[in-house]
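The following account leads through a single protein model, moving from one local detail to the wider fold. Please keep the sequence and the structure in view while reading.

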Amino acid sequence: MDDTARYQVLRNDEDQYSLWPADLEVPEGWHAVGQEGTKDECSAYVDGVWTDMRPRSLRERMDNMAS
């Protein structure tokens with residue numbers, strides 16, 4: 001395992017997060033959120049912001065049903 005590898009945090013339109021090698025082009029459907037660092041640093045960031053694992057569309061549907 002390469003502990004010196006740099007990663008960036010990506011988010012898709014469903015508000016799901018992923019770690020991606022910083023030196024690779026961001027794949028279609030994903031957007032960089034501006035967080036870059038080691039795997040541990042990026043994982044800690046994701047752990048702090050991705051508190052609801054449900055896709056955005058499901059959250060919205062459930063919210064609408066509850067209203």
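A convenient point of entry is the hairpin of β1 and β2, where four residues lie between the strands and D15 adopts a positive phi near 60°. The model is a predicted one, and the description below should be read accordingly.

From this hairpin the pairing of its two strands can be followed. Strand β1, residues 7-12, runs antiparallel to β2 and is joined to it by five bridges. Along this pairing, R11 stands opposite Y17 of β2, Q8 has W20 as its bridge partner in β2, and Y7 faces P21 in that strand.

Strand β1 also pairs with β3, again in the antiparallel sense and over five bridges. Here N12 is placed opposite W30 of β3. Taken together, the three strands make an open sheet in the order β2-β1-β3, with antiparallel pairing. Its edges are β2 (17-21) and β3 (30-37), each of which pairs on one side only. On average, neighbouring strands of the sheet are turned by 35° against each other, direction ignored. Helix α1, residues 39-49, packs on this sheet and touches β1, β2 and β3; the direction of the helix makes about 120° with that of β3. As a general matter, the strands of a sheet pair through backbone hydrogen bonds, in either a parallel or an antiparallel manner.

How far is β1 covered, and how many of its residues are buried? The strand is mostly covered, with five of its six residues buried. Q8, found in strand β1, can serve as an illustration. Its relative accessible area is 10%, and because this value is under the 20% limit, Q8 counts as buried. When neighbours within four places in sequence are left aside, the contacts of Q8 include S18, L19, W20 and P21, as well as A32, Q35, E36 and C42. Y7 can be considered in the same terms: with neighbours within four places in sequence again left aside, Y7 is in contact with residues including L19, W20, P21, G37, T38, K39 and C42.

Which residues make up the largest nonpolar core? This core has seven residues, namely A5, Y7, V9, Y17, C42, V46 and W50. Both β1 and α1 supply at least two residues each to this core. In general, side chains in a regular strand alternate between the two faces of the sheet.

A contrast is offered by the segment before β1, in which D3 lies. Is D3 buried or exposed? With a relative accessible area of 62%, D3 lies over the 50% limit and is therefore exposed. The separation of D3 from Y17 is 14 residues in sequence and 21 Å in space, taken C-alpha to C-alpha. Y17 itself belongs to the largest nonpolar core, whereas D3 is exposed.

How values were computed
Residues numbered from 1 in each chain as written. Predicted model: local features only at pLDDT ≥ 70, side-chain atom pairs only at ≥ 80, totals over all residues. Heavy atoms only, no water. Pairing = 2+ DSSP bridges. Axes fitted to C-alpha atoms, helices over the stretch in contact; angles between N-to-C directions. Contact = heavy atoms within 4.5 Å. Buried < 20%, exposed > 50% of the residue type's maximum accessible area, 1.4 Å probe, protein only. Core = buried A, V, L, I, M, F, W, Y, C linked by side-chain atoms within 4.5 Å.
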